[in-house]
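This note is addressed to a colleague who has not yet examined the model. The points below begin with one loop residue and then move outward to the rest of the chain.

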Amino acid sequence: MQKKCLFLLCTVLVWTLLFCACCPAGAEVTVDVVSGSVPFLVNKDHPVAEDFVPAGLIPLKGNTDEKLITLKYKDLTAVREAVDALNEMLDAAAADGVKNWKINAAYRSIAEQQRVLENKISSTLKDHPGWSRSRARTHALNTVAEPCCSEHHLGLAIDITAKGASAFKGTKQCKWLHAHCWDYGFIIRYQEGKQAITGFAAEEWHIRYVGVEHALAMRDQDLCLEEYLETLPEDETGARMEIEEITPEDLGL
Ligand SMILES: [Zn+2]
């Protein structure tokens, strides 16, 4: 009887180990975020899945020009297409005499976003000792996204500032970026006057790669990403067309 029990126990153990090896908890789902004709939308109403990971992440260190860019963290990563566009853009800026950039953030995992939000709640509570945690959380969410709702999860958003400047707004780097980023496929994602739509206060430093055609269309029509996506064609049932179904002609490009 004892032998039978031991055999049963071993069988269960082996199957458990096999199952765990085949189906690791929290397995990532890799998503190609640059395929398709329509930019991928992430905001408070459009979170990514908890196991979402963008395909094609590469380290910024070694793939960007360290003479032009200082990295706040050595392990920053972003999707290759965004890094290529960033390099092209900052080479052009350097040709215009604008250098000394600093990158504070790029791809952020969902666990990292949770830590960023917790840190913001803690610092808010320190600044306002009388506040409840839920009030501090609501306040923090004006500037920090909920986990799964940050555009940084896509690996296409970059927080870029001027090295050594206490505030980015008003610097020559900021002026250059806002004038030229569109030509390289980046948008200034959170702008003045769009807070009610994007859910975020203006962030002069947060750029999002969407590709040149979309970036120029948004610039020329003064549309944020949410507004721009609303202008895209619908199919005969009135539903927004699937990304794969949309051609540049549908977009009027
Ligand atoms: Zn950002």
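1. **A partly exposed loop residue.** In this predicted model, N100 has 18 other C-beta atoms within 10 Å and is therefore classed as partly exposed. N100 lies in the loop between α2 and β6. Its backbone deserves attention: phi of N100 is near 60°, a positive value in a residue that is not glycine.

2. **A contact in space across the sequence.** Which residue stands 8.4 Å from N100, C-alpha to C-alpha, although 64 residues separate the two in sequence? That residue is G164. The loop between β7 and α5 holds G164. With 9 other C-beta atoms within 10 Å, G164 is exposed, whereas N100 is partly exposed because its count is 18.

3. **A second positive phi.** D222 also departs from negative phi: its value is near 50°, again in a residue other than glycine. D222 sits in the loop between α7 (212–221) and α8 (225–231). Only 11 other C-beta atoms lie within 10 Å of D222, so this residue is exposed.

4. **Overall composition.** The chain contains 8 helices and 9 strands. Of its 253 residues, 29% are buried. When contacts between residues at least 6 apart in sequence are considered, 67% of them join residues at least 24 apart.

5. **The sheet.** Five of the strands are arranged as an open sheet in the order β4-β6-β7-β9-β8, and the pairing is mixed. The edges are occupied by β4 (69–71) and β8 (186–190); each has a single partner strand, so one side of each has no neighbour in the sheet. From one strand to the next, the twist averages 40°.

6. **Strand pairing.** Strands of a sheet pair through backbone hydrogen bonds, in parallel or antiparallel fashion. Here β4 and β6 (residues 101–105) run parallel and are joined by 3 bridges; T70 has K102 in β6 as its bridge partner. By contrast, β7 and β9 run antiparallel, also with 3 bridges, and I158 is partnered by I207 in β9. The strands β8 and β9 are likewise antiparallel, with 4 bridges between them; Y190 has E203 in β9 as its bridge partner.

7. **An enclosed strand.** Is β9 mostly enclosed or mostly open? Of its 7 residues, 6 are buried, so β9 is largely enclosed by the rest of the structure.

8. **A helix on the sheet.** Helix α5 (residues 172–180) packs on the sheet and touches β6, β7 (157–162), β8 and β9 (203–209). The direction of α5 makes about 140° with that of β7.

9. **The nonpolar core.** Nonpolar side chains tend to be buried together in soluble globular proteins. The largest nonpolar core in this model has 45 residues, and A82, I158, F186 and I187 have the most contacts inside it. Helix α2 supplies the largest share of this core, 7 residues. Leaving out residues up to four places away in sequence, A82 touches G155, L156, I158 and Y209.

10. **A buried methionine in α2.** M89 belongs to helix α2 (residues 80–95). Why does M89 count as buried? The reason is its 23 C-beta neighbours inside 10 Å, since 20 or more are needed for a residue to be called buried. Beyond its neighbours within four places in sequence, M89 is in contact with H180, C181, Y184 and F186. The C-alpha atoms of M89 and G185 are separated by 9.1 Å, while the two residues are 96 residues apart along the chain.

11. **A pair of packed helices.** Two packed helices are described by the angle between their axes and the distance between those axes. Helix α3 (residues 110–127) packs with helix α4 (residues 133–140) at an angle of about 120°, and their axes are 9 Å apart. The crossing of α3 and α4 is right-handed. On the α3 side, L117, K120, I121, T124 and L125 take part; they meet R133, A136, R137, H139 and A140 in α4. The residues of this contact divide into 5 nonpolar, 2 polar and 3 charged.

Note on methods. Residues numbered from 1 in each chain as written. Predicted model: local features only at pLDDT ≥ 70, side-chain atom pairs only at ≥ 80, totals over all residues. Axes fitted to C-alpha atoms, helices over the stretch in contact; angles between N-to-C directions. Helix = DSSP H or I, 4+ residues; strand = E, 2+ residues; numbered from the N terminus. Left-handed = near helix turned anticlockwise from the far one by under 90°. Contact = placed C-beta atoms within 7 Å. Nonpolar A, V, L, I, M, F, W, Y, C, P; charged D, E, K, R; others polar. Buried ≥ 20, exposed ≤ 12 C-beta atoms within 10 Å, placed from the backbone. Pairing = 2+ DSSP bridges. Core = buried A, V, L, I, M, F, W, Y, C linked by C-beta atoms within 7 Å.
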